[in-house]
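Please consider the structure shown below, and follow the explanation from one part of it to the next.

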Number of protein chains: 6
Amino acid sequence: MRVHVVTPITTHGFTKAAHFASIARSDTEVGHSELDVGPASIESEFDEAIALPDTIAKILEAERGGADAVVIDCMGDPGMGAGREVTSIPVLGPAHTSMHVAALLAHSFSVVTVLDSVIPMLEDLATKYGLDGKLASVRSVDIPVLELEDEGRMMDALEEESIKAIEEDGAHAIVFGCTGMRGCADALRERLEARGYEGIPVIDPVVTAFKIAEALVDLGLAPSSRTYARPRDKATPGYDLAFERATA
Amino acid sequence: MRVHVVTPITTHGFTKAAHFASIARSDTEVGHSELDVGPASIESEFDEAIALPDTIAKILEAERGGADAVVIDCMGDPGMGAGREVTSIPVLGPAHTSMHVAALLAHSFSVVTVLDSVIPMLEDLATKYGLDGKLASVRSVDIPVLELEDEGRMMDALEEESIKAIEEDGAHAIVFGCTGMRGCADALRERLEARGYEGIPVIDPVVTAFKIAEALVDLGLAPSSRTYARPRDKATPGYDLAFERATA
Amino acid sequence: MRVHVVTPITTHGFTKAAHFASIARSDTEVGHSELDVGPASIESEFDEAIALPDTIAKILEAERGGADAVVIDCMGDPGMGAGREVTSIPVLGPAHTSMHVAALLAHSFSVVTVLDSVIPMLEDLATKYGLDGKLASVRSVDIPVLELEDEGRMMDALEEESIKAIEEDGAHAIVFGCTGMRGCADALRERLEARGYEGIPVIDPVVTAFKIAEALVDLGLAPSSRTYARPRDKATPGYDLAFERATA
Amino acid sequence: MRVHVVTPITTHGFTKAAHFASIARSDTEVGHSELDVGPASIESEFDEAIALPDTIAKILEAERGGADAVVIDCMGDPGMGAGREVTSIPVLGPAHTSMHVAALLAHSFSVVTVLDSVIPMLEDLATKYGLDGKLASVRSVDIPVLELEDEGRMMDALEEESIKAIEEDGAHAIVFGCTGMRGCADALRERLEARGYEGIPVIDPVVTAFKIAEALVDLGLAPSSRTYARPRDKATPGYDLAFERATA
Amino acid sequence: MRVHVVTPITTHGFTKAAHFASIARSDTEVGHSELDVGPASIESEFDEAIALPDTIAKILEAERGGADAVVIDCMGDPGMGAGREVTSIPVLGPAHTSMHVAALLAHSFSVVTVLDSVIPMLEDLATKYGLDGKLASVRSVDIPVLELEDEGRMMDALEEESIKAIEEDGAHAIVFGCTGMRGCADALRERLEARGYEGIPVIDPVVTAFKIAEALVDLGLAPSSRTYARPRDKATPGYDLAFERATA
Amino acid sequence: MRVHVVTPITTHGFTKAAHFASIARSDTEVGHSELDVGPASIESEFDEAIALPDTIAKILEAERGGADAVVIDCMGDPGMGAGREVTSIPVLGPAHTSMHVAALLAHSFSVVTVLDSVIPMLEDLATKYGLDGKLASVRSVDIPVLELEDEGRMMDALEEESIKAIEEDGAHAIVFGCTGMRGCADALRERLEARGYEGIPVIDPVVTAFKIAEALVDLGLAPSSRTYARPRDKATPGYDLAFERATA
């Protein structure tokens, strides 16, 4: 099985295929690509908008290269709908997948994200996905995406905001609100336990989407073509080469 | 006052500034632009995605050129959020505006759009805008955007679907589901009256957004910067020239 | 164009046509009337109930006098439904209109009103209008309507409650919860900016309803006769003279 | 115990205290009053508006006369909120009470009312009462209130619409949508059984409200003064005599 | 009339028929039973699960013994659905009934229960019953069911949590969240009044359900057989004797 | 990895571990158990109630036997909550899991189940799980569980109801409403394609829950202990042996 991860930003090296090696099943091959054209990071609707065309190109390229499923490595789920329209395989967004998995495990969940500016976007996604009734809150650590590498600062802030989410907002599970927090779920769980909060699921969205992708491929399930109809063929000046034959 | 209309497709001549002349106030100057890069028409999330970057560029250009408000000429409201982030003026989407105006006039409304493929997108917008409780249904005339110029066929289908919306779905008002239907509200209202359906508001979204834009400019109101924060400055390979200084 | 404002209380001079002169378009003539029979101010369902008959009479009188639209000058929107049933022109309530305009500009909004006693009524209106999902909170300044003329006290309280709405309730826009706060939007916006809250729309409901009324008249739109059917003709002892021929 | 019924219309004899004799407990005394000023029947928001002042006066009069609870005899629940504000006893609306009782007995319910024109009003009440999720539909028999006395025609129409509600809308219980249908629940239940629909609760709203009023009096429960605060004392030109001392 | 109370726990003497004597109408005979098999108290889904079979057996036994209605004496409403399926009489749950009665009296209500562990269960019930929109909060006094007999400790905690519910969560009425708090409504109401919170309904669920049961029996109403169809006859190893002929 | 399936009925052989062999990963060991005490099949709340105690016993037994996750083989998800309270591993219900997976793949889904009598139960589950907004409908094939083995009749009915769900209810995906339909997803998909309905996901709930269980075990995720607190230790007459030490 081949699962391909598209990191929809132009900052190379932010994510690596190796990050998924330990979580992938032994029979799963991990693919990975980053954008050539687009934003250095995604923290606004503007950033997301200019990430879309090349993200879709990379999703298409992944399917043409033999991928059985694609995971988009950004909590805005950029290109998930369009990517599903132009392919026949599961294209998973980490916000979509992780919110559903959180709702499978807990009565309510909070998302802890990077900046206040993305809170409305994540709340809108929860509403669109029909899960606003399970969303306790969206909180932010107030750290830009590209500064998340200062892991000590990030973990301290994640711990504080997670505890506020539990105590003040009634969260029963925590979902990371940026795929740049990847790999920190165990550390946060341990910190929460040390503070007396045991048994709180901490959900790492992109890793979760990766594992659910494997399950969907095994099940032979793909997105509905009623929801994601193949786009009609038409002129697309400025994009013709990139998207040749993506449409019906 | 200067209100600028951005038609976010690359099919030139589909909409003209002249289309807004009769509805604009005598002291309103109408601006208009179309895309250089993007889809011939918008009928899918894919089409919308590749329309976004140049739509945002045209919105920015309009503000820099002195526009007091921008109206996006497509029922998917492409670029409305991003356009609001990078400007300080009202940027209105016709779906957003017309659904709210429909809810101001009627207990429930239906949207009659072009193709089945855009129904989920319009339902998602109604949900995102918080108006799904007022949405009786979304129906389609099954005519692609670029074939709407066959006005007889379109009017016949609009009439039939509008009556089904009223009779079967309980609609108390009709909203056009594609800005390409612009200018046909009076004709549909007359047809409905001739069939015994008097007093049903028929809402022409882009024209409605244009008039609401004028009102908002007079009121000195603009989108909230809490919802639409200015994007942080960062590298955007492939777009640097187009969006120079759009971010904070 | 003639837009008529009905102030549905018997305290004369509380509102004057002159208050709308600066906001009205140059070609808009402002009409105004107050009640002969009814409450001195509206702060309860009881007050609203006894305001209704004469409010409807004044709406009818306005249409018969040539008004193209009527704006009701009270945040309870008293008589909006009945007024729409007995006329053929737009009859706008400030709560209805301003909540929709707030939702056009922001992810969420709070209403800051006069007294705790009207909070359930305003929450019920938001629910009826389908906008409870966008309502962050309703807060009160704890000042009765007829004491709002002490503008210093009112502005101080508006500032404090607005900041609580933003900080504690997540409001992205502020809507005045009493039309007696008319004219104070700029002052509140400046105070909020001085406290570090820039770009928060402050919506003055009756003025907003006035401008939206102008736009609807231009658009040729009126309330749906499916939602607001003309009342059947019947005996109405005690009211016959006032409402002669209002019904079908 | 004294339970007082206010029939909020000026058509005298439409309802009689005797109608409640068989359902009242042996220790319950039934009071009854009708309006002096107001509409002959209630079939619109206009009718309801002009019924309000005298309805409230009659509710007040009932409490002053020693009533332990008041039941309003109209499915629009006119004056329920205001009546609760000016008294200290349970004031029950039949729509409010019967919708809650329907939800106590069934997964979903439909209301079958008199005319299409009141459908939006009843849907709005269900929404305000928080029960729209249990409301399968509101249907009408298309018979004006004052023609309901033609019981054969009414029963035939009630039977047909109830079966459509069950079959097409998924109703598990039927609620009468006009208090003028009072006394016909058993007959409808028998007709439904004869058509193969056994075990469908048929709820007679005003009779149900009467019995729930008795239970609430026994329980010592009355409406919350947080929801229904006593109105502040103020001038009410044209109403002073009627409402003397109703306010705080 | 015979109303039977089933206390679905094996701790005998926790509830007695005598507890209902003062509230029952003079013509109502009170029946009572407790479990032989099941948990000592109900504070989890596990406790509830093992209470179900014998609770249903006791409901069946009550109907066979001539009861006109059954009230289940636990806020989890265990066996309400199954009990309705296997009988033809009203089987009332105290959570179901009291939440509806709270919504009849107030704009919003809070439930104050025993332990944090049952909060999700009560929130789920409010959602299932369609009343989540009226639920301000569920709070707990942090006292296990079988320690509620320390009435001083319980009353102090009830008072504190009720005031928090009013002040912080916006509750307009209080519902006891455990039937073990039975009989304390007057005391809590007095304590709240002494703290300045007048006119707040305090609802005692099992007593309320008892009185609503009497009203429903008088009205001849029973649960819908569309919602609660008679179970099909089938083998039930381990339960055959207990449930003989309960199914169709 | 060891995933254990509990078939919560006493009809032995209805489900076999072998049914999961083809879908399990090569490194997954499948366990299976059936009830000793309980109903022959589950088609009502009554059936479900008497299935609960032994289902929980079998879940406990599975964890004690080394299972890493448990899947309950019934669309009512009986014992899911209680099973999660008494164990520390993922306990998955097929309704819960498959509705979330359906929402991951499609804008809307319908459940096609066995009998009308279980429709309210499945609608209630969708509401409890927060997914009612994505549920297009629940339909039934009108075949009792134990007659599903007549596969021709079942497939014909599944095909017809699925097409009605798509055409009349707007379903974009189909979920089997009984785990007894296990193994028929491919056949239904082929039949739908033959009728012109391509690209409609057909979701086999128990198989889907099995695969999601594997993914959750890999991710190290388990249900939240805030939602599913360990039950307090107490007397449970009649059950002591079975549940020894299940509680805290």
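Two residues are said to be in contact if their C-beta atoms, placed from the backbone, lie within 7 Å. This is a predicted model, in which local features need pLDDT of at least 70 and side-chain atom pairs count only at pLDDT 80 or more, while totals for chains, interfaces and linings use all residues. Residues are numbered from 1 along each chain as its sequence is written, and chains are lettered from A and ligands numbered from 1 in the order in which they are written.

Chain A may be taken as the starting point. Its domain assignment gives domain 1 (2-93 + 207-243) and domain 2 (95-205); such bounds come from an automatic or database domain assignment. The centres of domain 1 and domain 2 of chain A, taken over C-alpha atoms, are separated by 22 Å. Between these domains of chain A, 20 residues of domain 1 are in contact with 25 residues of domain 2. On the side of domain 1 of chain A that touches domain 2 of chain A, helix H7 (residues 205-219) of chain A gives the most, with four residues. Helices (H or I, at least four residues) and strands (E, at least two) are DSSP runs, numbered from the N terminus. That side of domain 1 of chain A divides into nine nonpolar, seven polar and four charged residues. Here Ala, Val, Leu, Ile, Met, Phe, Trp, Tyr, Cys and Pro count as nonpolar, Asp, Glu, Lys and Arg as charged, and the others, Gly among them, as polar.

Chain D shows how strands are arranged. Four of its strands form an open sheet with parallel pairing, in the order E2-E1-E3-E4; two strands pair if DSSP finds at least two bridges between them. Strand E2 (29-34) and strand E4 (91-92) of chain D each have a single partner strand, so one side of each is left without a neighbour in the sheet. Strand E1 (residues 2-7) of chain D pairs with E2(D) in the parallel sense over six bridges, and D:Thr7 stands opposite D:Glu34 in E2(D).

The final topic is the contact of chain E with chain F. Each of these chains, E and F, contributes 38 residues to the contact. Helices H1 (45-64), H2 (80-86) and H4 (119-128) of chain E each supply at least two residues of the side of chain E that touches chain F. The largest share of that side, eight residues, comes from H1(E). In composition, the side of chain E that touches chain F has 18 nonpolar, 11 polar and nine charged residues.
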